[in-house]
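Here are some short exercises to work through with the model open beside you. Try each task on your own before reading its solution.

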Amino acid sequence: MNVGQIVDVLEELYPLDLAEDWDEPGLIVGNPQWGVHTIYCAVDPTEETVNDAIAHGAQLMITHHPLYFKATHTVAGSTFRGALVTKLIENHCALWVGHTNVDSAERGQGFAFIDVMGLKDQGPLVPHRDNPARGLGRIGKFDTPILLGDFALDIAHNLPHTESGVQVSGDPFQEISRVAVLPGSGDSEIMAAARSGADVYVTSDLRHHPVLDARQETGLAFINTPHAAIEKLVFNLMVQDVPAAVRARYNEEIEMLITSINTDPWNVRF
């Protein structure tokens with residue numbers, strides 16, 4: 001197997017045309033001809049995760065967040081991002097980023113949350129312009145209503161531990177059955193969650209004023225999760241789906257590892 005073959009599989013599962021217009025996912029570092037037998041998955045491409053990928057002998061690193069969010073004029077090793085590019089190349093470890101294209105894939109970020117929480121999938125929160133079966137976020141439903149507080153506790157138990165924890169805005173004893181989720185920064189889609197008929201909106205990086213206003217205007221409850229923790233759930237599906245697709249296409253086996261490193265930036269809470 002080589003990097004190019006794995007990238008073909010990844011971009012069949014998570015098509016680049018599902019990405020938002022401002023996003024540039026895909027192969028960021030590496031030669032498509034480099035050989036691959038081990039893939040290392042992490043939410044963030046940091047010095048710690050890059051070092052760990054190399055230490056595990058990975059030839060391909062998959063991250064959810066881009067190494068570069070903006071166009072750059074240098075990958076010089078004197079910059080911290082350039083130093084990561086240099087280290088990856090020196091160790092023949094490629095980097096593929098699956099960002100908003102993975103968010104909108106059928107078995108992407110939103111579905112990963114629905115799946116782990118045992119909700120019935122009701123489709124995307126914000127359908128993609130060209131494919132309504134795909135799109136940002138997800139709607140899920142419980143057959144039997146549960147308490148908001150119990151649901152938040154279940155989420156906390158299913159996410160990787162962080163010091164940030166899980167926050168709730170709403171009555172913990174409110175019964176909920178319909179859930180809107182958008183893993184990652186999702187306060188731009190608060191009104192989409194409200195229009196969906198959801199009882200609660202699960203997302204990350206929620207700000208004071210949008211939540212306060214929405215609570216008063218719509219009565220929607222909110223669960224604020226650590227950004228990297230909820231987005232790490234997609235790798236539980238990816239380590240199943242990618243090897244299965246490689247096996248089906250090439251009749252080859254590939255090893256996939258999920259990082260144990262917590263990249264949540266908030267590491268102390270008082």
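Helices (H or I, at least four residues) and strands (E, at least two) are DSSP runs, numbered from the N terminus. The model is predicted, so to speak of a local feature takes pLDDT of at least 70, side-chain atom pairs count only at pLDDT 80 or more, and totals for chains, interfaces and linings use all residues. Residues are numbered from 1 along each chain as its sequence is written, and side-chain values use heavy atoms, with hydrogens and water left out.

**Exercise 1. A strand residue**

Task: Find the element that holds Ile146, and work out which residues Ile146 contacts beyond its neighbours within four places in sequence.

Solution:
- Step 1. Ile146 belongs to strand E8, which covers residues 138–147.
- Step 2. Buried means under 20% relative accessible area, exposed over 50%, and partly exposed in between, using a 1.4 Å probe and protein chains only. With a relative accessibility of 21%, Ile146 is partly exposed.
- Step 3. A contact means heavy atoms within 4.5 Å. Setting aside neighbours within four places in sequence, Ile146 is in contact with Phe151, Gln174, Glu175 and Ile176.
- Step 4. Ile176 is 30 residues from Ile146 along the chain, and their C-alpha atoms are separated by 5.5 Å.

**Exercise 2. Positions from the record**

Task: Which residues does UniProt list under "binding site" in its unreviewed entry, besides His64? Then describe the surroundings of His64, His65 and Glu231 in the model.

Solution:
- Step 1. UniProt positions are given in the numbering used here, feature names are shortened, and annotations may be inferred rather than shown by experiment. The unreviewed entry gives "binding site" for His64, and also for His65, Asp103, His227 and Glu231. These last four are spread over 167 residues of sequence yet cluster in space, with a largest C-alpha distance of 13.1 Å.
- Step 2. Look at His64, in the loop between strand E3 (60–63) and helix H3 (80–90). His64 is buried, because its relative accessible area is 1%. Beyond neighbours within four places in sequence, its contacts include Asp103, Gln109, Glu231 and Phe235.
- Step 3. Turn to His65, which lies in the loop between E3 and H3. His65 counts as buried at 9% relative accessibility. Leaving out neighbours within four places, His65 is in contact with Val43, Asp44, Pro45, Val97, His99, His227 and Glu231.
- Step 4. Finish with Glu231, in helix H9 (residues 227–231). Glu231 is buried as well, at 2% relative accessibility. Among its contacts outside four places in sequence are His64, His65 and Asp103.
- Step 5. A polar contact is a pair of N or O atoms within 3.5 Å; within protein, one must be able to donate a hydrogen and the other to accept it, and residues adjacent in sequence count only if both atoms are side-chain atoms. The side chains of Glu231 and His65 make a polar contact of 2.7 Å.

**Exercise 3. Side chain to backbone**

Task: Which backbone nitrogen does the side chain of His128 reach, and which one does the side chain of Thr259 reach?

Solution:
- Step 1. His128 sits in the loop between strand E6 (126–127) and strand E7 (135–136), and is buried at 8% relative accessibility.
- Step 2. The His128 side chain reaches the backbone nitrogen of Asp130 at 3.1 Å. Not counting residues up to four places away, His128 also touches Asp17, Leu18, Arg134 and Gly135.
- Step 3. Thr259 is in the segment after E13, and is buried at 5% relative accessibility.
- Step 4. The side chain of Thr259 reaches the backbone nitrogen of Ile261 at 3.0 Å. Its contacts farther than four places away in sequence include Tyr40, Cys41 and Lys232.

**Exercise 4. Positive phi**

Task: Are His92 and Asn251 buried, partly exposed or exposed?

Solution:
- Step 1. His92, in the loop between H3 and strand E4 (94–97), has a positive phi near 50 degrees without being a glycine. At 45% relative accessible area, His92 is partly exposed.
- Step 2. Asn251, in the loop between H10 and strand E13 (255–258), is not a glycine either and has a positive phi of about 55 degrees. Asn251 counts as exposed, at 68% relative accessibility.
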